[in-house]
Amino acid sequence: MDNLSTKEWAELCFGDAKLGDSRRTKRLVKLAEDMADGADKSIVNACLQPEKIEAAYRFFRNEKITTPDIAESGFLKTTALIDSSPLVLAIQDTTGLTYRHSVCDELGSVNCASDSAKSAKARTLYAHSTLIVDAQDEHVIGLADQIYWHREEKIKDSEKENKKRSYKEKESHRWVTALENVEKRKGDLNNVINVCDREADVYEYMSIQKELGNRFVIRAKEKRLLKGEDKNVQELVNATSGKCDYIVNVDQRSGRKARQAKMTVSFKTVTLAKPQRSEGKENLKVNIIICKEMDATAKQPLCWILYTTESIERIEDAMKIIRYYEIRWKIEVFHKIWKTDGANVEGVRMQTREALMRIAIIKAFIAVRLFQLKELVENQEIAKEIKCTSYVDDISWKLLWLKLEGEKEIPKEVPSLFWLYYSIAKLGRWHDSKRTGRVGMKALWSGWLALAEMVESAKLAKKLFGL
């Protein structure tokens with residue numbers, strides 16, 4: 001899906017949507033195309049013509065159109081691609097969409113989960129996403145599932161009472177539900193490794209996946225007791241010496257200085273003891289990988305503890321699994337593009353929860369497309385072979401050429417996608433000051449918006465002067 005025109009992408013992604021009426025499906029495809037062309041814009045600014053705007057609002061307010069019905073066509077397209085790769089990673093994660101306008105009346109009584117939300121009225125719409133990534137070349141294949149929910153009210157029971165609740169009644173059961181949804185669309189999950197962060201360190205979840213024969217890599221959170229070792233996981237970490245070393249580049253963040261951390265890696269097979277009130281098998285046998293920073297004087301020493309069903313016979317096997325977990329950061333990038341730095345779903349101002357979710361799911365697929373474009377261009381050799389007209393029309397790239405290339409004559413041959421990407425970034429005032437070649441999504445979309453305004457002005461001038 002990552003090298004199609006916007007129109008082709010919209011048709012491929014949503015053309016098979018079952019909305020009860022073929023006219024609704026055609027409207028969805030056109031809406032997705034318009035929204036993708038103006039990814040960070042409101043419905044009014046993306047659709048432009050009054051009749052398109054009215055049709056869009058009628059679509060999103062239509063109670064006969066559900067969010068799952070809109071999404072299913074796109075999910076099926078993603079899962080159909082899974083078998084084309086020997087091994088894929090199904091990366092799951094949860095994020096919260098923050099809103100402060102009148103839709104909050106339909107998002108429960110629990111204050112917003114975001115620490116940055118200053119308004120007491122702010123509320124959260126939660127989304128649990130499953131992103132499929134090729135394990136070998138690490139490119140994003142697509143979005144395979146997304147679950148939305150909100151919290152009506154705070155759970156007031158004691159911690160002891162909460163632990164007595166059935167696992168299916170808990171929010172954490174969504175990790176199981178998401179994988180079940182993917183399996184229903186694809187069939188068997190033999191070439192799928194489920195990759196999760198610490199939130200998925202739930203005994204019931206791991207027990208269910210083991211029982212079903214599913215594969216996983218999960219970062220440990222709890223200090224779980226180990227059967228037959230008279231110690232817990234944390235004590236095992238402290239007592240274990242590494243079998244090899246490798247270097248991790250730690251980025252600068254929130255006052256933390258950038259540094260190179262020297263890590264030590266070890267692995268072994270362990271049996272996790274079943275917690276007293278948990279459901280599932282009595283004991284859970286998994287492989288554990290321990291990555292910890294060797295410099296004990298570091299202010300915040302790195303430490304990863306990974307549970308996995310994958311076989312580990314050599315240190316090379318362990319390092320491969322560590323890399324699978326490192327790839328998990330891609331879902332964080334996807335969520336950032338979706339929420340603020342591209343599709344801007346948190347800027348949507350629909351007045352009902354249902355209408356909001358219908359727009360959100362379309363923007364989720366748009367965010368994946370933006371991410372794929374970013375990955376495609378960063379693979380320079382491929383990007384240099386693709387013509388930029390796969391993403392923009394002739395007038396767009398020619399205006400961009402005139403704006404940035406000065407006196408150079410417009411070429412007869414269409415420039416590459418590589419040229420387009422960095423030209424749009426420069427229009428968004430990006431400068432490669434760190435010599436990394438990496439373009440932030442904000443700069444990219446600032447440039448895209450500027451280009452869109454140039455194209456619109458050119459079209460208006462053409463009408464005005466009859467050119």
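1. Is Arg429 buried or exposed? Arg429 is exposed, because its relative accessible area is 79%, and the cut-off for exposed is over 50%. Arg429 sits in the loop between helix 15 (417-427) and helix 16. Look at its backbone too. Phi of Arg429 is near 65 degrees, which is a positive value in a residue other than glycine. Keep in mind throughout that this is a predicted model.

2. Asn344 makes a useful partner for that point. Phi of Asn344 is near 55 degrees, again a positive value in a residue that is not glycine. Asn344 belongs to the loop between helix 11 and helix 12. Asn344 counts as partly exposed because its relative accessible area is 24%, and partly exposed lies between the 20% and 50% cut-offs.

3. Now take the helices on either side of the Asn344 loop. Helix 11 covers residues 329-339 and helix 12 covers residues 353-378. Their axes are 9 Å apart, and the packing angle is about 120 degrees. Helix 11 and helix 12 are therefore oblique to each other. The crossing of helix 11 past helix 12 is right-handed. From helix 11, the contact uses Lys330, Val333, Phe334, Ile337 and Trp338. From helix 12, it uses Ala360, Lys363, Ala364, Ala367, Val368, Leu370, Phe371 and Glu375. By type, the residues of this contact are 10 nonpolar, no polar and 3 charged.

4. How many of the residues of helix 11 are buried? The count is 8 of its 11 residues, so helix 11 is mostly covered. The buried ones are Lys330, Ile331, Val333, Phe334, His335, Ile337, Trp338 and Lys339. Note that this list includes Lys330 and Lys339. What lies over them? The cover includes strand 1 (88-99), strand 2 (123-134) and strand 3 (140-149). Helix 12 and helix 16 (441-465) are also part of the cover.

5. Trp338 deserves its own look. Leave aside neighbours within four places in sequence. Trp338 is then in contact with Thr95, Leu97, Ala127, Gln146, Tyr148, Ala343, Asn344, Val345, Ala360, Lys363, Ala364 and Ala367. Find Asn344 in that list: it is the loop residue of point 2.

6. Next, the nonpolar interior. In soluble globular proteins, nonpolar side chains tend to be buried together. Here the largest nonpolar core has 111 residues. Which residues have the most contacts inside this core? They are Phe14, Phe60, Ile289, Phe334, Trp338 and Ile362. Helix 12 gives the most to this core, with 17 residues. Another core lies apart from it. That one has 34 residues, among them Ala200, Ala220, Val270 and Ile288.

7. Phe14 leads to the first helix pair. Helix 1 (residues 6-14) and helix 2 (residues 22-37) have axes that come within 9 Å and cross at roughly 135 degrees. That makes helix 1 oblique to helix 2. Their crossing is right-handed. On the helix 1 side, the residues that meet helix 2 are Thr6, Lys7, Trp9, Ala10, Glu11 and Phe14. On the helix 2 side, they are Thr25, Leu28, Val29, Ala32, Glu33, Ala36 and Asp37. This contact divides into 7 nonpolar, 2 polar and 4 charged residues.

8. Turn to helix 5 and helix 7. Their axes are 9 Å apart and the angle is about 75 degrees. Helix 5 and helix 7 are therefore roughly perpendicular to each other. Helix 5 brings Glu72, Phe75, Leu76 and Thr79 to the contact. Helix 7 brings Val182, Arg185 and Lys186. The split is 3 nonpolar, 1 polar and 3 charged.

9. Ala71 is also in helix 5 (residues 67-80). Ala71 counts as buried because its relative accessibility is 2%, and buried means under 20%. Not counting residues up to four places away in sequence, Ala71 touches Ile361 and Phe365. Compare Ala71 with Ile327: they are 256 residues apart in sequence and 25 Å apart in space, C-alpha to C-alpha.

10. Finally, His173. Where is His173 placed? His173 is in the loop between helix 6 (159-164) and helix 7 (174-186). His173 counts as buried because its relative accessibility is 11%. Beyond its neighbours within four places in sequence, His173 is in contact with Tyr167 and Lys168.

Technical notes
Residues are numbered from 1 along each chain as its sequence is written. This is a predicted model: local features need pLDDT of at least 70, side-chain atom pairs count only at pLDDT 80 or more; totals for chains, interfaces and linings use all residues. Side-chain values use heavy atoms; hydrogens and water are left out. Axes are lines fitted to C-alpha atoms, for helices over the stretch in contact, and angles run from 0 to 180 degrees between N-to-C directions. Helices (H or I, at least four residues) and strands (E, at least two) are DSSP runs, numbered from the N terminus. Angles under 35 degrees count as roughly parallel, over 145 as roughly antiparallel, 65 to 115 as roughly perpendicular and the rest as oblique. A crossing is left-handed if the near helix is turned anticlockwise from the far one by less than a right angle, and right-handed if clockwise. Contact means heavy atoms within 4.5 Å. Ala, Val, Leu, Ile, Met, Phe, Trp, Tyr, Cys and Pro count as nonpolar, Asp, Glu, Lys and Arg as charged, and the others, Gly among them, as polar. A nonpolar core is a set of buried Ala, Val, Leu, Ile, Met, Phe, Trp, Tyr and Cys residues joined through side-chain atoms within 4.5 Å. Buried means under 20% relative accessible area, exposed over 50%, partly exposed in between (1.4 Å probe, protein chains only).
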